[in-house]
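The exercises below are meant to be worked through with the sequence and the structure side by side. Try each task before reading its solution.

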Amino acid sequence: LLAQQSPGAPAAAEIDQLTGPIALYPDALVIDILSASMSFDTVKLFAGWLEQNASLKGSELQDAAQKFGFSEPLVALAPFPEVIKMMVEKPDWTMALGQAMTVDKKAVSDSIQRMRAQAQALGNLKTTSQQVVVVTNVIVEKTIAQQVVVVTNTIVQIQPANPQVIYVPTYPQTVYVQQAPPPTYGTVAGAALVGFTVGVIVANNNHYYHHYDDYWDDRQDYARSNQDERQGNSQERQGERQGNQDQRQSSTGSQSRQSGGASAQ
């Protein structure tokens, strides 16, 4: 997908196509999948290693993977063989996602937030017995032209309802454009577009899933710095418009003076 476009960062719509299949996954899985996608050959090697060590489960499997030398994201994904299988069976998608991560990680992160916001607006992303959807508003105050402007950047996080059990959601791509079905007669819930696989139990002290907290701290810092950059660009554009306006007014005044001088002669 990305190889067919002109050099430079991929367009937002193209990145959305890549993040769509995993944007509604729990944060921990999303972050590990993004990191792992940057080396498809290693993911393929890891898939073969998982098959050879199918008798190992849980923390024993992860400890063995770490001892073998696999990266932390892959070690964290070890209890989710269906995720690794998906990445291996869709090499073009995995490599394109990894390339997008290499080109612009922030654009990929923005895309995930964009897709989550779309699904949430349609009623397809909400807190359930499997997951908790947390919406954080990052408020930024800036003074522009002697006025205080308050801007809110929204960050949507998806966390397991039970920290010891992680569910992998299953959903069609229409989850981002199709509204959740209305409740059926006699029930409160409709036939949700998002389903879940069997939950994977992780140890309460499993440190392989703790590193993604730092990611969200970085994400909030980015939201603030991104707002600073946008407002800086806005001020710069405002200055340019003012300069152009002054130039036009100066030119108009000059023409008027010249016209007056000609009439006097």
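**Exercise 1. A pair within one helix**

Task: Work out how Glu-89 and Lys-85 are placed relative to each other in helix α6.

Solution. The model is a predicted one, and the first step is to find the two residues in helix α6 (residues 81–89), where they are 4 residues apart and therefore separated by about one helical turn. The second step is to look at their side chains, which meet in a salt bridge with an N to O distance of 4.0 Å; a salt bridge requires the nitrogen to lie within 4 Å of the carboxyl oxygen. The third step is to place both residues relative to the surface: Glu-89 counts as exposed at 55% relative accessibility, whereas Lys-85, with a relative accessible area of 49%, is partly exposed, because exposed means over 50%.

**Exercise 2. Pairs that link distant parts of the chain**

Task: By the salt-bridge rule, find how many salt bridges there are, and explain which parts of the chain are tied together by the pair Arg-114 and Asp-16.

Solution. The count comes to 3 salt bridges. One of them joins the side chains of Arg-114 and Asp-16, at 2.9 Å from N to O. Since Arg-114 belongs to helix α8 (residues 105–121) and Asp-16 to helix α1 (residues 12–19), this pair ties together parts that are 98 residues apart in sequence. As for burial, Arg-114 has a relative accessible area of 30% and is partly exposed, while Asp-16, with 12%, is buried.

Another salt bridge is formed by the side chains of Asp-27 and Arg-116, again with an N to O distance of 2.9 Å. This pair also links distant parts of the chain, with Asp-27 in helix α2 (residues 27–36) and Arg-116 in helix α8, 89 residues apart. Asp-27 counts as buried at 1% relative accessibility, and Arg-116 is buried with a relative accessible area of 1%.

**Exercise 3. Checking the length of a helix**

Task: Determine what span should be expected for helix α7, and find what covers its buried residues.

Solution. Helix α7 (residues 91–103) has 13 residues, so at 1.5 Å a residue it should span 18 Å; the expected span is 1.5 Å times one less than the number of residues. The C-alpha atoms at the ends of helix α7 are 18 Å apart, which agrees with this expectation. The next step is to list the residues of α7 that are buried, namely Trp-93, Thr-94, Ala-96, Leu-97, Gly-98, Ala-100 and Met-101. Their cover includes α1, α2, α3 (40–52), α6 and α8.

**Exercise 4. Two glutamines in strands**

Task: For Gln-131 and Gln-157, decide whether each is buried or exposed, and then describe the polar contact of each side chain.

Solution. Begin with Gln-131, which lies in strand β1 (residues 131–144) and has a relative accessible area of 6%. Gln-131 is therefore buried, as the limit for this is under 20%. A polar atom of the Gln-131 side chain lies 3.1 Å from the backbone oxygen of Lys-126. If neighbours within four places in sequence are left aside, the contacts of Gln-131 include Leu-24, Ile-158, Pro-160 and Phe-196.

Turn next to Gln-157, which is found in strand β2 and counts as buried at 8% relative accessibility. The side chain of Gln-157 is joined to that of Thr-136 by a polar contact of 3.5 Å.

**Exercise 5. From the surface to the whole protein**

Task: Find which residues form a nonpolar patch on the surface, and then describe the protein as a whole.

Solution. The patch is formed by Ile-139, Val-148 and Val-150, which together have about 290 Å² of accessible area. Val-148 has its place in strand β2 (residues 147–160) and counts as exposed at 56% relative accessibility. The protein exposes about 15100 Å², of which carbon and sulfur atoms supply 50%.

For the whole protein, count 9 helices and 6 strands, and note that buried residues make up 38% of the 265 residues. Finally, among contacts between residues at least 6 apart in sequence, 73% join residues at least 24 apart.

Key: Residues are numbered from 1 along each chain as its sequence is written. This is a predicted model: local features need pLDDT of at least 70, side-chain atom pairs count only at pLDDT 80 or more; totals for chains, interfaces and linings use all residues. Side-chain values use heavy atoms; hydrogens and water are left out. Buried means under 20% relative accessible area, exposed over 50%, partly exposed in between (1.4 Å probe, protein chains only). Contact means heavy atoms within 4.5 Å. Accessible areas come from the Shrake-Rupley method with a 1.4 Å probe; for residues, only the protein chains shown count as cover. Patches are made of residues with over 30% relative accessible area and no salt bridge: like charges are joined within 9 Å, nonpolar side chains (Val, Leu, Ile, Met, Phe, Trp, Tyr) within 5 Å. A polar contact is a pair of N or O atoms within 3.5 Å; within protein, one must be able to donate a hydrogen and the other to accept it, and residues adjacent in sequence count only if both atoms are side-chain atoms.
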